[in-house]
Amino acid sequence: MVLCHRKFSNWMQNHKLRNLPLIKDADNIYIDVLVNPATLRTAEMKALTAKNPAIYLLSKVLDLVFSEEELRNTKGARGLDKHKMDALKEYMFSKCQSLQIEHLRPIIFNTTIQNKIGNIRQKKSCVKGSVKLSSK
């Protein structure tokens, strides 16, 4: 019984760590931009009921494509990895089309990314601030 539990536990761990390409294209250009497919599917389904589906989806996919550290340390949306950004743009275009949700205009796309970066930086400074307050 313990052996079966251990096998199941290993399977679950591998299942959670399994990553697949964000978008599959004919030339396999973006095959190295990997995300967790279960988390991606959850984000896509929740986006359908969100107030702003495309913005919600972009925000969630940003978390999958870029690490929190990458977003925190970048010098804005233009400072992010161009290859990953191109994959993200391709994904958003095709997914908005397939989910039949309104496409994001470029300015809204960039503003959403800037807001995400700002929120992550703000969260970091709030955590630092709360540590300082509790140490007094």
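Q: Let's start with Lys-116. Is this residue buried or exposed?
A: The general idea is to compare a residue's relative accessibility with a cut-off, and buried means under 20%. In this predicted model, Lys-116 has 15% relative accessibility, so it counts as buried. You'll find Lys-116 in helix 6.

Q: Which residues does Lys-116 touch, if I skip those up to four places away in sequence?
A: Look for Ser-59, Leu-62, Asp-63 and Leu-71.

Q: How many helices and strands should I be looking for in the protein chain?
A: There are 6 helices and 2 strands. Walking from the N terminus, you meet them in the order α-β-β-α-α-α-α-α.

Q: How do I read confidence before I trust the details?
A: Here's the rule of thumb: where pLDDT is low, the predicted coordinates should not be read in detail. For the protein chain the mean pLDDT is 85, with 80% of residues at 70 or more. Helix 3 has the highest confidence, at a mean of 97, while helix 1 (residues 2-17) has the lowest, at 51.

Q: Where does pLDDT stay under 50?
A: One such stretch is residues 10-14, where the model has 0 contacts beyond four places in sequence. Another is residues 132-136, again with 0 contacts beyond four places in sequence.

Q: How can I check a helix with a ruler? What span should helix 3 have?
A: Count 1.5 Å a residue: the 13 residues of helix 3 should span 18 Å. The C-alpha atoms at its ends are 18 Å apart, which agrees.

Q: And which residues of helix 3 are buried?
A: Pro-53, Ala-54, Leu-57, Leu-58, Val-61, Leu-62 and Val-65 are. Looking down the axis of helix 3, you'd see these buried residues fall within an arc of 160°, so they line one face of the helix.

Q: Why would residues scattered along a helix point the same way?
A: An α-helix has 3.6 residues a turn, so residues three or four places apart point the same way.

Q: Can we try that on another one? Which residues of helix 2 are buried?
A: Sure. In helix 2 (residues 37-47) they are Pro-37, Leu-40, Ala-43, Glu-44 and Ala-47. Down the axis of helix 2, the buried residues fall within an arc of 120°, so they too line one face of their helix.

Q: What covers the buried residues of helix 2?
A: The cover includes strand 1 (20-21), strand 2 (34-35), helix 3 (53-65) and helix 5 (82-99).

Q: Which residue caps the N-terminal end of helix 2?
A: That's Asn-36, with a side-chain oxygen 2.9 Å from the backbone nitrogen of Ala-38.

Q: Back to Glu-44 in helix 2. What joins its side chain to that of Tyr-91?
A: A polar contact of 2.6 Å does. Glu-44 is buried, with a relative accessible area of 8%. Leaving aside neighbours within four places in sequence, Glu-44 is in contact with Leu-57, Tyr-91, Lys-95 and Leu-99.

Q: How do I read a nonpolar core? How many residues does the largest one have?
A: Think of buried nonpolar residues joined through their side chains. The largest core here has 30 residues, and Leu-88, Met-92 and Ile-113 have the most contacts inside it. Helix 2, helix 3, helix 5 and helix 6 (106-134) each supply at least two residues of this core, and helix 5 gives the most, with 7 residues.

Q: Which residues is Ile-113 in contact with, beyond its neighbours within four places in sequence?
A: Leu-58, Leu-62, Ala-77, Leu-80 and Met-85.

Q: How do I spot residues that are far apart along the chain but come together in space?
A: Compare separation along the chain with distance in the model. Ala-87 and Ile-23 are 64 residues apart along the chain, yet their C-alpha atoms are separated by 7.0 Å. Ala-87 lies in helix 5 and is buried, with a relative accessible area of 0%. Beyond four places in sequence, Ala-87 is in contact with Leu-22, Ile-23, Tyr-30 and Val-33.

Q: One last feature: backbone angles. Where is Gln-100, and what is its phi?
A: Gln-100 lies in the loop between helix 5 and helix 6. Its phi is near 60°, a positive value in a residue other than glycine. Gln-100 is exposed, with a relative accessible area of 73%.

Notes: Residues are numbered from 1 along each chain as its sequence is written. Side-chain values use heavy atoms; hydrogens and water are left out. Buried means under 20% relative accessible area, exposed over 50%, partly exposed in between (1.4 Å probe, protein chains only). Helices (H or I, at least four residues) and strands (E, at least two) are DSSP runs, numbered from the N terminus. The arc is that of the directions from the helix axis to the C-beta atoms. Contact means heavy atoms within 4.5 Å. A polar contact is a pair of N or O atoms within 3.5 Å; within protein, one must be able to donate a hydrogen and the other to accept it, and residues adjacent in sequence count only if both atoms are side-chain atoms. The expected span of a helix is 1.5 Å times one less than its number of residues. pLDDT is the predictor's confidence in each residue, from 0 to 100. A nonpolar core is a set of buried Ala, Val, Leu, Ile, Met, Phe, Trp, Tyr and Cys residues joined through side-chain atoms within 4.5 Å.
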